[in-house]
Amino acid sequence: MEGPPASACLIFAALALGSIVTIGAVQGGVFKELTTPLGHQIMRLAKSAEMRSFIDDNVSPCDDFYGYACGNFASINAATSDKDTNIGQAMFGSYLRRARQILNQPRMSSDRPMETRVKYFYESCLDTASLRQNQRSQLLNVLREFGGMPAVEGSSWDEFQFDPLETMAQLLRRYGKLTLLGVYVAPDFTNSQINRLYLGQRDDLRDRASRFSMTLELKMRLQHQLGLSEQLARKTAEEIVDLKVELSRSVLDRGMDRDPRLRSRLTMLSNMTDAYGSALNLTRFVKSWLGHDYILPVYENVPGYLFQLKKILLTTSNRVLANYMLSSLLQDFEIQADERRQEEICAERITMLFPDVIDHLVYYSLEQQSPHLPTDLKLLWVELKAAFEEMLSSADLDWLDEKTRGDLVEKLKGMTFEVAGEKPVNFEEQYGSMVVSSADYYGNVRRLLAVQASNLRSDLMRDTRSENYYDGVIESPFYLTEANLVVLPASYMQHRYFWDDVYPVALKYGTLGFILSHELAHGFDDLNRLFDGKGNLNDTWSSQATVGFNLIKECLVEQFSEMRYSSLLLPKLEAQGENIADNVGVRIAQAAYRKWLEQAKTLDSETLPHMSQTPEQLFYLGVAQSMCSDILIDRRPAFLRNSVHPPNESRVFAMMSNSRSFAEAFQCGNQTKMNPPHRCLMY
């Protein structure tokens, strides 16, 4: 069982020992007593205890800073067979608990229509008897809308009536399900103000779990949800997974150059139909999906994938194709029924189904609790932008000519920041047509999928791109290229996981400051440097600046390709976006903190009890400990294959060893690993 963090344990222990907890002491998740001088001291003691609990004093910070800062994390927060551990996961768990509290509040006449719908949906999920009784029949009814699943229907399934293209189109039209073909509506990368249709690679196929685990998971679903025998479920699962693996062979790897011009080209549907023939008649597919002809240009996305798809359609039996396509619906109708945990299960499911709505409700709840926090975050953002602008203006960047430098500064000035859920959203525009019943969970799922499918078609017909950036739950910060926007998850409003007014300011800059700076720096990485401040592909860099940038990028390529993770050599990748964002982001945050130190009237609060670290050392400790994690050894090879980030151990090592300020803060000698003779410094 996962326990509370050390800081929480110490807070409760200290409160108990001091006998200061009274009825009504907790309001909105905050102890009133913690706002007193004694409460502040308790919080500082708790933060110190948590940070010290992760530190391994047997490791020198100048030899292995991650091992020093996070050496004991795994023994306290060990990964399990179910999941790996990190601070973001803990924050999201707390976010889900808050979402559950909100969903459990009684419906009020003052609730907005969307809040009422979401609470009705949640109530339908709590009816465990109905979930058990109706799951299979409801799912079978949906499958039979498309002629039924061969594995279920057996000899009565008519193979000659099955039309792969038509089934693909109708699954997308009715329930928004992607099957063999990737169909995306996204901004045109040459003009971000308009949407385009992208046809081709399914990007989610890049995340490759092991064949065994995929087969086992699907086999269990087929048995549990559809009642297939173990033998038939195994055979069906193996065929579906084999097809998925075959389809993924032509998927572009994450580590390849991500320039969209190298993977997508603007063309007409008729040209694509001529290229791929009747087996993959994309003109017919799109007409069936939209319900009318489509004559505007579309993006052909990864031609190699489309040729592989054509081959699969020509060589795979209709029975296997149908099983594969219809299996896309299984996960939507899968829900646990467990009276002991049903509220927890349903809160998580509603969050997955309505991420934008839940973010908005949670954001409002957290803002009520800490009204000053949004302003604090905006001020921090302004400081970080100013620090990076000063870096870009440095004479040391002799590889940046003045024109390119000016374009970068202009893009930086136009970059904005927001917290997911912060802005008021017209949910009626998105969900207004949806009917929700408190007694029909599976019917609610069907109607929600239908609304999402309709919204996808509507997005394509818009004159301008949608401002809605949601594509599922937002658990991690990100940079949105087309909007030149940094988005912070609503869960990060739970700021005490990182910093508080009573903690040293070093921790604010070392945690949220670094996180925001990392995303800010993404706007200038090896992909996004090609885009201007309006989100349009517009490479205005001079040849001199491009050569200088690529030389430093190659330095990072070589540096990371020499690192190991559990004896596994890190792959040598052309794409270095995440490593550039780390390299630049930590220096932006450090520069902003140093500016704060210069202007601070007193540094009395820039230390923690029982810790000897200087303010600068606390800053770097905050950066590293925000990245403490544990991944089971068996899952590490898959992590290296699938993650856009290198392992956190490697990230911390690279950031700190590339920072002269780090070596100075910890007084690392010239012979130590964290103070090498050569460094990679981007910008």
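Q: What sits over the ring of phenylalanine 524?
A: The charged end of lysine 411 does, 5.5 Å from the ring centre. The rule asks for NZ of Lys or CZ of Arg within 6 Å of the ring centre and within 35 degrees of the ring normal. This is a predicted model: local features need pLDDT of at least 70, side-chain atom pairs count only at pLDDT 80 or more, and totals for chains, interfaces and linings use all residues. Residues are numbered from 1 along each chain as its sequence is written, and side-chain values use heavy atoms, with hydrogens and water left out.

Q: Which residue lies over the face of tryptophan 499?
A: Lysine 508 does, at 5.4 Å from the ring centre.

Q: Why is the pair of phenylalanine 65 and phenylalanine 662 called edge-to-face?
A: Rings of Phe, Tyr and Trp (its six-membered ring) pair if their centres lie within 6.5 Å; planes under 30 degrees apart count as stacked, over 60 as edge-to-face and the rest as tilted. Here the centres are 4.8 Å apart and the planes stand at 75 degrees, so the pair is edge-to-face. The whole structure holds 32 aromatic pairs.

Q: What makes phenylalanine 65 and phenylalanine 662 a link between parts far along the sequence, 597 residues apart?
A: Phenylalanine 65 lies in helix H3 (residues 65–70) and phenylalanine 662 in helix H28 (residues 660–665), so the pair ties these parts together. Helices are DSSP runs (H or I, at least four residues), numbered from the N terminus. Both rings also belong to one aromatic cluster, with Tyr68 and Trp596 among its members.

Q: Are phenylalanine 65 and phenylalanine 662 buried or exposed?
A: Both are buried. Buried means under 20% relative accessible area, exposed over 50%, partly exposed in between (1.4 Å probe, protein chains only).

Q: Why is threonine 602 called partly exposed?
A: Its relative accessible area is 45%, so threonine 602 falls between the two limits. Threonine 602 lies in the loop between H24 and helix H25 (615–625).

Q: How do you know that H18 and H24 are roughly perpendicular?
A: The axes of H18 (residues 373–392) and H24 (residues 577–599) cross at roughly 105 degrees. Angles of 65 to 115 degrees count as roughly perpendicular, so the name fits H18 and H24. The contact (heavy atoms within 4.5 Å) includes Phe388 of H18 and Ile588 of H24.

Q: What makes H5 roughly perpendicular to H16?
A: The axes of H5 (residues 87–103) and H16 (residues 342–353) cross at roughly 100 degrees. That value makes H5 roughly perpendicular to H16.

Technical notes: Axes are lines fitted to C-alpha atoms, for helices over the stretch in contact, and angles run from 0 to 180 degrees between N-to-C directions. Helices (H or I, at least four residues) and strands (E, at least two) are DSSP runs, numbered from the N terminus. Angles under 35 degrees count as roughly parallel, over 145 as roughly antiparallel, 65 to 115 as roughly perpendicular and the rest as oblique.
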